[in-house]
Amino acid sequence: MTQLVLPGMLDVHVHLREPGAAHKEDIISGTAAALAGGVIGVLDMPNNAAPIVDQERFAAKRELFRRKALCDYGLFLGFDGHNLAPLLEVGGQAAGLKLYLDETFGDLTTREPAALAQVFEAWPGPGPIAIHAESRSIPIALALARRYGQALHVCHVPHPADLLRIEEARQAGVRVTCEVTPHHLFLSAEAVSRLGAYAQMKPPLVSPAEVALFWQRLDWVDVIASDHAPHTREEKESAAPPPGVPGLETTLPLLLRAVDEGRLTLERTIALTYTNPLRVYHLRPPEDAAVEVELAERYRLPAGGYFTRCGWSPFAGEWALGRVERVRLRGRVVYAQGRVLVEPGYGQELQRATCHISSS
Ligand SMILES: [Zn+2]
């Protein structure tokens with residue numbers, strides 16, 4: 001049995017659903033899922049039932065995380081097309097600003113050009129403007145980032161062709177980074193015929209040929225983030241199933257399988273899940289953190305037994321490698337052999353880095 005020690009992952013794209021939809025997930029179950037997946041810090045999105053678009057909601061959500069989080073965290077602010085003043089007030093405390101240029105779960109979509117220009121001009125940073133965008137909207141955001149010199153992060157790149165546009169913009173001097181999800185790398189549209197709503201998310205899964213192109217162009221990708229977006233089985237089996245799948249507990253064993261298959265190096269895996277997330281969001285690495293993984297034999301990911309409240313995974317049956325044995329965070333063993341060993345509130349807000357972290 002071989003053991004691997006990693007610095008831990010930072011998942012920069014999760015939806016832990018609290019406040020507002022704790023029947024799907026809450027901060028305790030979601031951060032427990034993070035630790036079980038080897039994730040020591042998460043950045044939580046602002047599309048809660050009542051979107052996080054002002055000082056009051058941001059402060060209230062921050063207090064919930066302060067009391068409940070088991071792993072470290074940062075919180076996004078959202079833009080609803082009107083809340084420019086609060087963004088300027090709270091911007092510095094947020095991990096970043098999330099803009100929804102196209103529709104998904106929640107109600108934060110903004111496409112009005114004047115409002116978008118205003119926010120790209122005004123956002124104070126230091127976190128980037130992170131966008132949810134379909135392929136047609138990515139050039140709009142790239143043009144705005146270029147015009148206003150803003151740092152832009154393209155969340156869950158929808159299609160491998162978009163990576164070409166992003167790389168071209170980067171070569172032309174635009175401050176742009178991007179992320180791809182594990183479901184776009186390890187599942188294809190074929191999964192939708194097998195799993196139905198359980199394989200539906202936004203942006204949707206792509207064809208096997210396009211999945212292969214994602215892998216070919218992975219050098220242009222900065223970050224792999226789960227877009228952990230749990231919904232209950234009942235919701236997924238309803239007449240109008242909401243988009244989104246859980247992923248916090250399955251990213252690492254899927255990536256280690258890819259390392260085993262020679263599709264990825266271990267160094268690159270660490271860059272995509274730890275070093276680059278720190279760089280993109282200007283974060284300081286959590287102190288004294290490590291994740292011990294037992295490699296042993298390949299296995300198929302289980303259908304259940306997860307910490308996430310939704311209790312299912314679109315990756316059930318997929319080949320995986322490695323099981324998280326132990327997680328250390330700030331000097332304490334926070335997770336070992338399937339059990340969380342710290343009390344809610346042990347997690348801390350991720351702090352800004354004071355110096356620049358070099359890219360890899
Ligand atoms: Zn998302």
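Here are three short exercises on this structure, each with a worked solution.

The model is predicted, so local features need pLDDT of at least 70, side-chain atom pairs count only at pLDDT 80 or more, and totals for chains, interfaces and linings use all residues. Residues are numbered from 1 along each chain as its sequence is written, and side-chain values use heavy atoms, with hydrogens and water left out.

**Exercise 1.** Find the protein donors of the zinc ion.

*Solution.* Start with the rule: donors are N, O and S atoms within 2.8 Å of the metal (3.2 Å for Na, K and Ca); water is not among the atoms, so sites may look incomplete. Next, look around the zinc ion: His13 (NE2), His15 (NE2) and Asp227 (OD) lie 2.1 to 2.2 Å from it. Finally, read their spacing along the sequence, which is H-x1-H-x211-D.

**Exercise 2.** Decide whether His13 and His15 are buried or exposed.

*Solution.* Recall the cut-offs: buried means under 20% relative accessible area, exposed over 50%, and partly exposed in between (1.4 Å probe, protein chains only). His13 has 0% relative accessibility, so His13 is buried. His15 is at 7%, so His15 is buried.

**Exercise 3.** Count the disulfides, then check Cys155 and Cys310.

*Solution.* A disulfide is a pair of cysteine sulfur atoms within 2.5 Å. By this rule there are 0 disulfides. Take Cys155: its nearest cysteine sulfur, in Cys178, is 10 Å away. Now take Cys310: the closest cysteine sulfur belongs to Cys71 and is 16 Å away, so the two are too far apart for a bond. As a last step, check accessibility: Cys155 is buried at 0%, and Cys310 is buried at 7%.
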